[in-house]
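This report describes a ligand site, an aromatic cluster and the strand pairing around them. Please read it alongside the sequence and the coordinates.

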Amino acid sequence: MALNRALILLGPPGAGKGTQSKKVAQRCGVPHLSTGDMFRDAVTRDLPLGRIARPIMERGELVPDELVMKMVEERLSRPDCAGGFVFDGFPRTQPQAEQLDKILEARGFGKPQVVDFCVSPDELVKRISGRRVCSVGGEIYNIHEAPPKVPGICDRDGGKLVQRADDQPEVVKERLVAYERQTKPLTEYYRRNGVLDVLDAGAPVEDVSRALEKLVKCS
Ligand code: AP5
C-alpha cells in the first residue's frame with residue numbers, strides 16, 4: 001500500500017486533523033508528518049529548535065517559515081517518504097504552500113491532495129478543552145467524546161494523559177486568530193489549483209473516517 005502523493009489535511013486547531021491523519025497514514029502505509037508533533041518533540045528533548053519554538057508555541061503564534069521548511073525538507077529526504085506521506089498541520093502559510101509545491105515537483109510527486117476539515121467554532125472549543133494526549137506515545141483522547149478506559153491513563157501504553165500546554169483558553173484564542181489570518185487563505189490557493197476537497201468534520205470520529213476513506217484512495 002502507498003499513496004504516491006502528498007495528502008494535506010487542512011483545518012483549524014481542534015478540527016480532528018491529528019486523529020484522522022494517523023488513521024489514513026496507517027491505512028495507506030505511509031508516514032504521518034505532523035509539524036506540531038515535531039516541534040513538541042524538539043521542545044521535550046530541549047533541542048536548539050525546541051528552544052526557539054517553545055515560546056512561540058506558548059503564545060499561540062506560528063513558528064517562522066524558514067525553520068518549518070528546513071525541518072520538513074529534512075524529514076522528506078528520509079527513505080520512508082518515497083511512497084507518499086500525510087501532512088497534519090502543514091503547510092500553514094502561503095510561502096510554506098508555495099515552497100512545498102516546488103519540493104514535491106523536485107521529488108517527482110504530482111500535485112498534493114488537500115482535504116479541508118470544516119468544524120463550527122463552538123465544537124472546536126469543546127474538542128480542544130476535552131483533549132488529553134498520552135505523554136508516552138502521543139495517542140489522542142477526549143474526556144467527552146473518546147475517553148480512555150481508565151481516567152488519566154493511556155489504553156495503549158499506560159502513559160499518563162496530559163493537557164497540551166497550548167490548549168489553555170487564552171492560547172487557543174490566539175491559535176484561532178493565527179489560523180484565520182495565515183492558514184485559512186490556503187483553502188483559496190488550493191481551490192484555484194483544483195486540488196481541494198471540503199469535508200464536514202463536525203460529525204463523530206467514525207463518520208469522519210468513513211467520509212475521508214471515500215475521498216482518499218490508497219494506491
Ligand atoms: P499543531 O500541533 O499542528 O496544532 P493545530 O493545527 O492547532 O491542531 P490541533 O493539534 O490542535 O488539532 P487537530 O486538528 O489535530 O485535532 P485533534 O485530532 O487533536 O500545532 C501546534 C503549534 O505548533 C502551532 O500553534 C504552531 O505554533 C506550531 N506549528 C505547527 N506546525 C506549524 C507550521 N506548519 N508552521 C508554523 N508553526 C507551526 O482533535 C482535537 C480533539 O477533538 C481531541 O480530543 C480528539 O479526540 C477530538 N476529536 C477529534 N475528532 C473528533 C470528532 N470527529 N468528534 C468529536 N471529537 C473529536
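Does phenylalanine 109 count as buried or exposed? At 13% relative accessibility, phenylalanine 109 counts as buried, where buried means under 20% relative accessible area, exposed means over 50%, and partly exposed lies in between, with a 1.4 Å probe and protein chains only.

This is a predicted model, in which local features need pLDDT of at least 70 and side-chain atom pairs count only at pLDDT 80 or more, while totals for chains, interfaces and linings use all residues. Residues are numbered from 1 along each chain as its sequence is written, and side-chain values use heavy atoms, with hydrogens and water left out.

**Aromatic pairs**

A search of the whole structure finds 4 aromatic pairs, a pair being two rings of Phe, Tyr or Trp (for Trp, its six-membered ring) whose centres lie within 6.5 Å, with planes under 30 degrees apart counted as stacked, over 60 as edge-to-face and the rest as tilted. Phenylalanine 85 and phenylalanine 109 form an edge-to-face pair, because their ring centres are 5.3 Å apart and their planes stand at 75°. Since phenylalanine 85 belongs to strand 3 (residues 85-88) and phenylalanine 109 to the loop between helix 5 (94-106) and strand 4 (113-118), the pair ties together parts that are 24 residues apart in sequence. Helices (H or I, at least four residues) and strands (E, at least two) are DSSP runs, numbered from the N terminus. Phenylalanine 85 is buried, with a relative accessible area of 0%. Ring pairs also join Phe85, Phe87, Phe90 and Phe109 into a cluster.

**The ligand site**

There are 34 residues around the ligand, of which Thr19, Glu61, Arg92, Arg131 and Arg175 come nearest; a residue is near a molecule if one of its heavy atoms lies within 4 Å of it. The shell divides into 15 nonpolar, 9 polar and 10 charged residues, with Ala, Val, Leu, Ile, Met, Phe, Trp, Tyr, Cys and Pro counted as nonpolar, Asp, Glu, Lys and Arg as charged, and the others, Gly among them, as polar.

The table lists polar contacts of the ligand, a polar contact being a pair of N or O atoms within 3.5 Å.

| Ligand atom | Protein partner | Distance |
|---|---|---|
| oxygen | polar backbone atom of glycine 14 | 2.8 Å |
| nitrogen | polar backbone atom of glycine 89 | 3.0 Å |
| oxygen | side-chain N or O atom of arginine 92 | 2.7 Å |

Taken alone the ligand exposes 1,100 Å², and the protein buries 97% of that, with accessible areas taken from the Shrake-Rupley method and a 1.4 Å probe. The elements that give two or more residues to the shell are helix 1 (17-28), helix 2 (35-44), strand 6 (140-142) and helix 9 (205-215), and helix 2 gives the most, with 4 residues.

**Strand pairing**

Strand 1 (residues 6-10) is largely enclosed by the rest of the structure, because 5 of its 5 residues are buried. Both of its faces are covered, with Ala6, Ile8 and Leu10 buried on one side and Leu7 and Leu9 buried on the other. Strand 1 pairs in the parallel sense with strand 3 over 4 bridges, where two strands pair if DSSP finds at least two bridges between them, and leucine 7 stands opposite valine 86 in strand 3. Strand 1 also pairs in the parallel sense with strand 4 over 4 bridges, and there the bridge partner of leucine 9 is valine 115. Strand 4 is itself mostly covered, 5 of its 6 residues being buried, and it pairs in the parallel sense with strand 8 (residues 196-200) over 5 bridges, with phenylalanine 117 opposite leucine 199.

An open sheet of 3 strands has the order 6-5-7, with antiparallel pairing. Strand 6 and strand 7 (161-162) stand at the edges with a single partner strand each, so one side of each is left without a neighbour in the sheet. Strand 5 (residues 131-134) and strand 6 pair in the antiparallel sense over 3 bridges, and the bridge partner of arginine 131 is asparagine 142 in strand 6.

**Backbone exceptions**

Most residues other than glycine have a negative phi, and most peptide bonds are trans. The peptide bond from phenylalanine 90 to proline 91 is cis, with omega near -5°, and proline 91 lies in the loop between strand 3 and helix 5. Asparagine 4, although not a glycine, has a positive phi of about 55°; it is found in the segment before strand 1.

Technical notes
A polar contact is a pair of N or O atoms within 3.5 Å; within protein, one must be able to donate a hydrogen and the other to accept it, and residues adjacent in sequence count only if both atoms are side-chain atoms.
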